[in-house]
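Let's take a walk through this fold together, starting from a contact between charged side chains and working inward. Keep the model open as you read.

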Amino acid sequence: MTCAKYPIGALRHSVAIQAKTRTADGQGGFTTSWADVFGAATRAMITAAPGSEKWGFMRSVPGNTYKMVTRYFAGASAAQRVICGGKEYAVLGVVDPDGAGAWLDWRLSDSVAS
């Protein structure tokens, strides 16, 4: 049995999608931390994507990229990060591939989200 584009068991990874939040520190300033996005998908399908390299610290640094598919939710953006299995992934981009508001395709990197 399938639900739209993906089989029922395809979303087998448990994920947390987080965004930066500012919290008052009680002394007139703010601290920045990560918090789970309310209403965000919690189940995903994650697969490896072709590797990449980037320039860092005056040398080429290899990186791993991944494709993640989740159910659609409003507010998904590249300013967020994904936590899966205790590992942090930076979001490189997120799109609604067919504009139907059913699924989101995410491009992730295993480099630390800033």
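Start with Lys-87 and Asp-110, which form a salt bridge whose closest N and O atoms are 4.0 Å apart. This is a predicted model, by the way. The two partners come from distant parts of the chain: Lys-87 sits in strand β8, while Asp-110 lies in the segment after β9, 23 residues apart. How covered are they? Lys-87 is partly exposed, with a relative accessible area of 35%, and Asp-110 is partly exposed too, at 23%.

Right next door in sequence is Glu-88, which makes a salt bridge of its own with Arg-81; here the closest N and O atoms are 3.1 Å apart. Glu-88 has 22% relative accessibility, so it counts as partly exposed, since buried means under 20%. Arg-81, on the other hand, comes in at 12% and therefore falls on the buried side of that cut-off. With these pairs the salt bridge count comes to two.

Now step back to the whole chain. It has zero helices and nine strands, so you can simply follow β1 through β9 as DSSP runs numbered from the N terminus. Of its 114 residues, 32% count as buried. Among contacts with a separation of 6 or more, 53% are between residues 24 or more positions apart. The accessible surface comes to about 7100 Å², and carbon and sulfur atoms own 56% of that.

How do the strands line up? Pick up β3 (13-24) and look at its partners. On one count, β3 is joined to β4 (residues 30-36) by seven bridges, with the two running antiparallel. Arg-22 stands opposite Thr-32 in β4, if you want a landmark. The two strands make a hairpin with five residues between them, and Gly-26 in the turn has a positive phi of about 85°. β3 also pairs with β7, again in the antiparallel sense, over four bridges. There, Val-15 stands opposite Cys-84 in β7.

From β7 you can carry on to β8, which is joined to β7 by four bridges and runs antiparallel to it. Arg-81, the buried salt bridge partner from earlier, has Ala-90 in β8 as its bridge partner. This is another hairpin, with two residues between the strands, and Gly-85 takes a positive phi near 60° in it. β8 then pairs with β9, antiparallel over five bridges, and Gly-93 stands opposite Arg-107 in β9. While you trace these pairings, keep in mind that side chains in a regular strand alternate between the two faces of the sheet.

So what sits inside? The largest nonpolar core has 16 residues, and those with the most contacts inside it are Met-68, Val-82, Trp-106 and Leu-108. Two or more residues each come from β3, β5 (43-56), β6 (59-71), β7 (81-84), β8 (87-95) and β9 (103-109). The biggest giver is β9, with three residues. Leu-108 is a handy place to look around from: leaving aside its neighbours within four places in sequence, it is in contact with residues including Asn-64, Tyr-66, Met-68, Val-82, Tyr-89 and Leu-92. Apart from this core lies another one, of six residues, among them Tyr-6, Ala-10, Leu-11 and Met-45.

Finally, have a look at the rings. A search of the whole structure finds two aromatic pairs. In one, Tyr-66 and Tyr-89 meet edge-to-face, 5.4 Å centre to centre with 80° between the planes. That pair links distant parts of the chain, with Tyr-66 in strand β6 and Tyr-89 in strand β8, 23 residues apart. Both tyrosines, Tyr-66 and Tyr-89, are buried. The other pair is Phe-73 with Trp-106: the ring centres are 6.1 Å apart and the planes are at 25°, so this one is stacked. It also links distant parts of the chain, as Phe-73 is in the loop between β6 and β7 and Trp-106 is in strand β9, 33 residues apart. Phe-73 and Trp-106 are buried as well.

Conventions: Residues numbered from 1 in each chain as written. Predicted model: local features only at pLDDT ≥ 70, side-chain atom pairs only at ≥ 80, totals over all residues. Heavy atoms only, no water. Core = buried A, V, L, I, M, F, W, Y, C linked by side-chain atoms within 4.5 Å. Buried < 20%, exposed > 50% of the residue type's maximum accessible area, 1.4 Å probe, protein only. Contact = heavy atoms within 4.5 Å. Pairing = 2+ DSSP bridges. Salt bridge = Lys/Arg side-chain N within 4 Å of Asp/Glu carboxyl O. Areas by Shrake-Rupley, 256 points an atom, 1.4 Å probe, with all protein chains shown as cover. Phe/Tyr/Trp six-rings, centres within 6.5 Å; stacked < 30°, edge-to-face > 60°.
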